[in-house]
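Visitor: Could you take me slowly through one part of this model, the place where aromatic rings come together, and then show me how the surrounding strands are arranged?

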Amino acid sequence: MRTFDLTPLYRSAIGFDRLASLLEQRAEAQPSYPPYNIELVSEDQYRIVMALAGFSRDEIEIVTERDSLHVTGRKQKDDVQRTFLHRGIAARDFEQRFQLANHVKVTTASFDNGMLTIELVREVPEALKPRKIAIGDAAGVISGDNVKTLEQREAA
């Protein structure tokens, strides 16, 4: 396993300690169960699809906490004693964590035919969107239109 020394990043950058800790977490092995896809539906919409064969809706829990999404599956124990000749369906407990970017929120979740679908959307507040700043002359007079966001200027 590779290890990266991020100490220089801590010394020379202010406020990037979270980024460094994320890099350290990603360097660790990620669980491969259950299998999942992350789709880009549109510019600001995402979809996570997880294959959860053998689970029922009440055995799955989805929790969002600040900038992370936790999907947990706890398999209820059967009272029936079974003898498997081959067991290929891994119906074991799991916990999957997804780090969400700023302003990404979970909108809906659905479970159908063993597939869990989680819809996400990025909603950037208007105050945080990029703005085009008009440049005035030495007297501070701005010619042309007022300051608008880039989206407003492109739409016009």
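Guide: A good place to begin is phenylalanine 55, which is buried, with a relative accessible area of 7%; here buried means under 20% relative accessible area, exposed means over 50%, and partly exposed covers what lies in between, with a 1.4 Å probe and protein chains only. The model is a predicted one, in which local features need pLDDT of at least 70 and side-chain atom pairs count only at pLDDT 80 or more, whereas totals for chains, interfaces and linings use all residues. Residues are numbered from 1 along each chain as its sequence is written, and side-chain values use heavy atoms, with hydrogens and water left out.

Rings of Phe, Tyr and Trp (its six-membered ring) are taken as a pair if their centres lie within 6.5 Å, and planes under 30 degrees apart count as stacked, over 60 as edge-to-face and the rest as tilted. By this rule there are three aromatic pairs. In one of them, tyrosine 36 and phenylalanine 98 have ring centres 5.1 Å apart and planes at 90°, so the pair is edge-to-face. This pair links distant parts of the chain, since tyrosine 36 belongs to strand 1 (residues 36-42) and phenylalanine 98 to strand 5, 62 residues apart. Helices (H or I, at least four residues) and strands (E, at least two) are DSSP runs, numbered from the N terminus. Tyrosine 36 is partly exposed at a relative accessible area of 33%, while phenylalanine 98 is buried, at 7%.

Phenylalanine 55 has its own partner: its ring and that of phenylalanine 94 have their centres 5.4 Å apart and their planes at 85°, so this pair, too, is edge-to-face. Phenylalanine 55 lies in the loop between strand 2 (45-51) and strand 3, and phenylalanine 94 lies in strand 5, so the pair ties together parts that are 39 residues apart in sequence. Phenylalanine 94 is buried as well, with a relative accessible area of 5%. Ring pairs join Tyr33, Phe55 and Phe94 into a cluster.

Two charged side chains lie over rings of this cluster, where the criterion is that NZ of Lys or CZ of Arg is within 6 Å of the ring centre and within 35 degrees of the ring normal. Lysine 75 lies over the face of phenylalanine 55, at 5.3 Å from the ring centre, and arginine 92 lies over the face of tyrosine 33, at 4.1 Å from the ring centre.

From here the strands come into view. Two strands are said to pair if DSSP finds at least two bridges between them. Glycine 73 stands opposite phenylalanine 94 of strand 5, and strand 4 (residues 68-73) is joined to strand 5 by six bridges, the two running antiparallel. Both belong to an open sheet of three strands in the order 3-4-5, with antiparallel pairing. Strand 3 (60-65) and strand 5 (94-99) stand at its edges with a single partner strand each, so one side of each is left without a neighbour in the sheet. The twist averages 15° from one strand to the next, with axes fitted as lines to C-alpha atoms (for helices over the stretch in contact) and angles running from 0 to 180 degrees between N-to-C directions.

Tyrosine 36 leads to another sheet, an open one of four strands in the order 1-2-7-6, again with antiparallel pairing. Strand 1 and strand 6 stand at the edges, each with a single partner strand, so one side of each lacks a neighbour in the sheet. Its neighbouring strands are turned by 20° against each other on average, direction ignored. Strand 1 and strand 2 form a hairpin with two residues between them, and they pair in the antiparallel sense over six bridges. Within this pairing tyrosine 36 stands opposite methionine 50 in strand 2, and asparagine 37 has valine 49 as its bridge partner there.

Two loops deserve a look. Arginine 66, in the loop between strand 3 and strand 4, has a phi near 50°, a positive value in a residue other than glycine, and is exposed, at 81% relative accessible area. Asparagine 113 sits in the loop between strand 6 (104-112) and strand 7 (115-122), has a positive phi of about 55° although it is not a glycine, and counts as exposed at 74% relative accessibility.
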